[in-house]
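Got your viewer open? Take this tour one selection at a time, and keep the sequence beside you.

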Amino acid sequence: MRKLKYREAIGEATVQCMKADPRIVLAGQNVDDHKGGHGTTTDAFRVFGPSRVLDIPNSENAVAGIAVGAASMGMRPLVVHARADFMFLAMDGLINLAAKWRYMYGDKGGVPVVMRGIVGRGWGQGATHSQNLHSVFGHFPGLYVATPASPADAKGLLVSALRNETPVVLLENRGLYEIEGEVPENPEPVPFGKGRIVRTGSDVTIVAASLMVQEAERAAGLLAEQAISAEVVDVRSIRPLDEAIICTSVAKTGRLVVADTSWARYGLAAEVAAVVAENVHGALLGPVRRVTLPDSPAPVSWPLEEAFHPNARTIAAACLDVLGGDPTLPMREMTDITAGFVGPY
Amino acid sequence: MESGKRLLREMVRIRCVEEVLADLYRDEQEMRTPTHFSIGQEAVAVGVCAAAGPDDVAYCGHRSHGPYLAKGGDLRAMVAELYGKATGCAGGRGGSVHLTSPDTGFIGATAILAESISLAVGAGWAFALEGAPRVAITFFGDGAAEEGAFHEALNFAATQRAPVLFVCENNGYSISSPLRARQPYGTTIWERARGYGMASRQLDGNDVFAVHAAAREAVEWCRDGRGPYFLELRTYRWREHVGPNWDYDEGYRTKAELDSWMERCPIKVAAAGLSAAHPDIDEEVAGWRREFRQEVLDAVTAAKADPFPAVADLLQGAYES
């Protein structure tokens, strides 16, 4: 199969879906400029022009409601946020309107708004340009929330989002944008609520989301060098969460490490641990470990930033820990996934 | 029936509905939903909705009964919604602040200030993209004009020349806070809209004939592709912000102020305007009152007999089924 970069897969899905469905309109700040949403909106603007690919004012709050209003009249707005952190400004429209619309108006129809949020990663993005908000959005009934971790899923989940009747939040980690992978040429939907076994294993289960899926895969490689077999589960969507794939894996391995790009408290890692505790607690042979961000806002300074983000080595160390091994065991150095990235951003 | 009488009759209907419901709300304690009565403000909803066509749509804020009924919403479904019944317009999931009647173009009422503004701009944007000769109307209060989304949405609508009629129902109070405490002295809401480059007017919101004439002009303006239009309509809420009671003795306003506005009751004003051509208009209004009182009492009887939603359906509508 041919390969695409993650960002190219998003761009291709957008164009294919917009061709198939004239109700889709793409809106975001600077989606029509020379950078085109890090290359994800360039082709759409070239093909469909400014009426369907709209450069919008800096009005995240109203635009969320505007998107819902347009959806209530049959449109399918796809709103792009160049930094997911700005989606805090869109919370009213997204949470109070989009997520609740079908329910609070008596199940007469939904408002199929899709919001993409790009999560900054590296290069000193800092406290307010690098937050991973999937647990925040995942809290609310009425939304689908997904964190594609591969180019194929970046395409397939966007295709699903643009075809279904439920509002969707897609959070894309910028650190994944240059990653290449096999992507089907046709717009094949990847369903929400179906996780993916990235790598099979028998000693420990690593459940991961977004960029941490890539790190978990590399962690599994490190562990294999020590004859430890790790199974890596990519949850793909945060809501609905594929509880079955998580529980089945933990029932098999008896050990669980959850790796997330966000904080531990009240987050995805806590949710996954709760799902396991509720459903397969008898299978656990040891404590659950959460590999998450330290409990501070994101720093800027280079060495602090490197220490801030979990990576393959910290995930592998957590696996050794739950297996009763020595988590301080020396492991070979690994280059950060985003190491090739150069500024200005 | 001639247009003037139709406008008056519709106002009388909304007044009767709300007066009957307010009494029952207070006495029965069975309508368990925060309810914002619009008694005294009927001319806004009636004058504007009468100017709209069947394909035009409306969104409004929490004071929703007037716009819902004026845009053709079914009375029985509204009453059932207030009683939390399965036959309610939102199946008992929305309550007074989330009335909806998509079939008649009343898309939804919203409970968070300024949401109705963004929603209507989105609908207007959709109409502009489709080239549809339709207009989106938003009803909101003076309080919503302080929200960030108000300014963002006006900016967006003006930039996109979206066919949106903004109707600011300025009743002078946000709950108990007077306008002077919330907005700069010497400024007006309608002039702020003009600052975004859109057509904008202020007029007496208790004169249904003036409201209707201005709204007709505004709707045609929008329909002709000339961009959005803003109307600030000055009016007054008689009852408390939320609930069925009078609150003129609570300290934030005076009985004299209320009385001065009751003197300018939109129904009284309209009837006086029609009396020269229709000397027996007051008797006619009295007849309508009896008719509508019975209509709402029948709707109440029916709603009470209706079933509550099944608990087994608690989750219905959270997601597409």
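Here is what to select, stop by stop.

**Before you click**

This is a predicted model, in which local features need pLDDT of at least 70 and side-chain atom pairs count only at pLDDT 80 or more, while totals for chains, interfaces and linings use all residues. Residues are numbered from 1 along each chain as its sequence is written, chains are lettered from A and ligands numbered from 1 in the order in which they are written, and side-chain values use heavy atoms, with hydrogens and water left out.

**Stop 1: where the chains meet**

Show chain A and chain B together. The contact takes in 42 residues of chain B and 38 residues of chain A, where contact means heavy atoms within 4.5 Å. About 3,100 Å² is buried between chain B and chain A, with carbon and sulfur atoms giving 66% of that; buried area is the accessible area (1.4 Å probe) that two parts lose on being put together, summed over both. Now pick W125(B), E152(B) and Y319(B): they supply 21% of the area that chain B buries against chain A, more than any other three residues.

How many salt bridges are there between chain B and chain A? The count is zero, a salt bridge being a side-chain nitrogen of Lys or Arg within 4 Å of a carboxyl oxygen of Asp or Glu. There are, however, 11 residue pairs in polar contact between chain B and chain A, both residues at pLDDT 80 or more. A polar contact is a pair of N or O atoms within 3.5 Å; within protein, one must be able to donate a hydrogen and the other to accept it, and residues adjacent in sequence count only if both atoms are side-chain atoms.

Colour helix 5 (115-130) of chain B, one of the elements that supply at least two residues each to this side. Helix 5 of chain B gives the most to the side that touches chain A, with 11 residues. Helices (H or I, at least four residues) and strands (E, at least two) are DSSP runs, numbered from the N terminus.

**Stop 2: helix 4 of chain B**

Select residues 75-82 of chain B, which make up helix 4. Seven of the eight residues of this helix are buried, so it is largely enclosed by the rest of the structure. Buried means under 20% relative accessible area, exposed over 50%, and partly exposed in between (1.4 Å probe, protein chains only). Among the buried residues are M78(B), E81(B) and L82(B). The cover includes helix 1 (3-28), helix 3 and helix 12 (281-305) of chain B. Just after helix 4 of chain B comes G84(B), with a positive phi near 75°.

Next, find S96(B) in the loop between helix 4 and strand 2 of chain B. S96(B) counts as buried because its relative accessibility is 0%. Its side chain makes a polar contact of 2.9 Å with that of H65(B), and S96(B) also touches other residues, including T33(B), H36(B) and L82(B).

**Stop 3: aromatic rings**

The whole structure holds 15 aromatic pairs over all chains. Rings of Phe, Tyr and Trp (its six-membered ring) pair if their centres lie within 6.5 Å; planes under 30 degrees apart count as stacked, over 60 as edge-to-face and the rest as tilted. Try Y68(B) with F106(B): the ring centres are 5.6 Å apart and the planes stand at 85°, so the pair is edge-to-face. Both Y68(B) and F106(B) are buried.

Then take F166(B) and F230(B), whose centres are 6.0 Å apart and whose planes are at 25°, so this pair is stacked. It links strand 4 (residues 164-170) with strand 8 (residues 229-234) of chain B, its partners lying 64 residues apart. Add F140(B) and F150(B), and you have one aromatic cluster with F166(B) and F230(B).

**Stop 4: charged pairs**

Over all chains there are 34 salt bridges. Select E172(A) and R116(A), which meet in one at 2.6 Å, N to O. The pair joins strand 7 (residues 168-173) to strand 5 (residues 114-119) of chain A, 56 residues apart. Buried or exposed? E172(A) is buried at 2% relative accessibility, and R116(A) is buried at 0%.

For contrast, go to D259(B) and K255(B), a salt bridge of 3.0 Å, N to O. Both lie in helix 10 (residues 255-263) of chain B, four residues apart, about one turn of the helix. D259(B) is partly exposed at 32%, and K255(B) is partly exposed at 38%.

Key:
Lists of a residue's contacts leave out its neighbours within four places in sequence.
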